[in-house]
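Colleague: I should like to understand how the terms used for a structure are justified. May I ask you to set each value against its criterion as we proceed?

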Amino acid sequence: MKIEIGESLTSSYLNHVMGCRVIQTNWKLSGNWVVTDHDKSRAKLFYQKIINSGYFDEIFKGSSFEQLLKQAEIDVLGINTTELTVYGVDVAFHGAGLNYGSKEETAERILKKIFRTLFVMQTYFEQYNHFHSLFITPKTNPATLKLIDDLLQKANELIDDDSITIGVITNDQFFEDIIDSTIKASKSENDTSELF
């Protein structure tokens, strides 16, 4: 089994910093789960809002809502049972910094991952009160990050819902929010299963 250090770090972060009592890496849905139209309704409305916005129609070209759900994998899923909050985190550790092609392709791909994770959480964990869909990576080129931030701002305007948080944690914020806070929160922990 391949161990991903980014997923291990994120698991420790969700456990010790965000208070998640249930954490799973490489979360995928099962085709055997029964999901009703009611379960999908909130996420499907949001999907329609996104593709009709004029900002994100290219992100999902050729992908229906059902395809997005079927293809979904969340790198690290965490559930804070006391706050009824679900965290879906996609993680990328690229040696030379975040890169999925051009700056525009990279920004669009990040937003697609964030949206897909949000759709999945709203569908399969709809009984929870809060959803955090995050993308984390240690290094992002400032020009690419500017494009991502612009898309995130447009996305947040569309979301307009206090129960939903989306975001990208990268560069200095990655080291401060993820690494430093995880080290500080886990200093007294002694769990050898946490590789980070």
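Modeller: Let us begin with D150 and K146, which are four residues apart in helix 5 (residues 142–159) and are therefore separated by about one helical turn. Please bear in mind that the model is predicted.

Colleague: Why do residues three or four places apart in an α-helix point the same way?

Modeller: An α-helix has 3.6 residues a turn, so residues at that spacing point the same way.

Colleague: What makes the contact of D150 and K146 a salt bridge?

Modeller: The criterion asks for a side-chain nitrogen of Lys or Arg within 4 Å of a carboxyl oxygen of Asp or Glu. The N to O distance for D150 and K146 is 3.0 Å, so the pair meets the definition.

Colleague: How do you know whether D150 and K146 are buried, exposed or partly exposed?

Modeller: Buried means under 20% relative accessible area, exposed means over 50%, and partly exposed lies in between. D150 has 28% and is therefore partly exposed. K146, at 48%, likewise counts as partly exposed.

Colleague: How many salt bridges does the structure hold?

Modeller: The structure holds six salt bridges. One of them joins the side chains of K44 and E66, at 3.9 Å from N to O. This pair links distant parts of the chain, with K44 in helix 2 (residues 37–51) and E66 in helix 3 (residues 65–70), 22 residues apart.

Colleague: Why is the contact of K44 and E66 still called a salt bridge at 3.9 Å?

Modeller: The cut-off is 4 Å, and the value of 3.9 Å is within it, so the name applies. K44 and E66 also belong to a network of salt bridges that includes K40. As to accessibility, K44 is partly exposed at 37%, and E66 is partly exposed at 29%.

Colleague: What makes K61 exposed and E58 partly exposed?

Modeller: K61 has a relative accessible area of 59%, which is over 50%, so K61 is exposed. E58 has 45%, which lies between 20% and 50%, so E58 is partly exposed. The side chains of K61 and E58 meet in a salt bridge of 3.5 Å, N to O.

Colleague: Why is helix 1 said to be largely enclosed by the rest of the structure?

Modeller: Helix 1 is described in this way because 10 of its 13 residues are buried. Among the buried residues are G6, E7, L9, Y13 and H16. V17, which has its place in helix 1 (residues 5–17), is partly exposed, because its relative accessible area of 31% is not under 20%.

Colleague: How do you know that the reach of helix 1 is close to the expected one?

Modeller: The reach from the first C-alpha to the last is 17 Å, and the expected value at 1.5 Å a residue is 18 Å for its 13 residues. Helix 4 (residues 103–124) can be tested in this manner too: its 22 residues reach 32 Å, close to the 32 Å expected. Helix 4 is mostly covered, with 16 of its 22 residues buried.

Colleague: What is noteworthy about the phi of D160?

Modeller: D160 has a positive phi of about 40 degrees although it is not a glycine. Most residues other than glycine have a negative phi. D160 lies in the loop between helix 5 and strand 5 (164–169), and its relative accessibility of 66% is over 50%, so D160 counts as exposed. N171, found in helix 6, also has a positive phi, of about 55 degrees, and is not a glycine. At 22%, N171 is partly exposed, because the limit for a buried residue is under 20%.

Colleague: Why is L77 called buried?

Modeller: L77 has a relative accessible area of 4%, which is under 20%, so the term buried applies. L77 is found in strand 2 (residues 73–80). L77 and L9 are 68 residues apart in sequence and 13 Å apart in space, C-alpha to C-alpha.

Colleague: Which residues gather in a patch of negative charge on the surface?

Modeller: The patch consists of D172, E176, D177 and D180. Asp and Glu count as negative, so the charge of the patch follows from its members. D177 lies in helix 6 (residues 171–185).

Note on methods:
Residues numbered from 1 in each chain as written. Predicted model: local features only at pLDDT ≥ 70, side-chain atom pairs only at ≥ 80, totals over all residues. Heavy atoms only, no water. Patch = residues over 30% accessible without salt bridge, like charges linked within 9 Å, V, L, I, M, F, W, Y side chains within 5 Å. Areas by Shrake-Rupley, 256 points an atom, 1.4 Å probe, with all protein chains shown as cover. Charge placed at Lys NZ, Arg CZ, Asp CG, Glu CD. Helix = DSSP H or I, 4+ residues; strand = E, 2+ residues; numbered from the N terminus. Expected span 1.5 Å × (residues − 1). Buried < 20%, exposed > 50% of the residue type's maximum accessible area, 1.4 Å probe, protein only.
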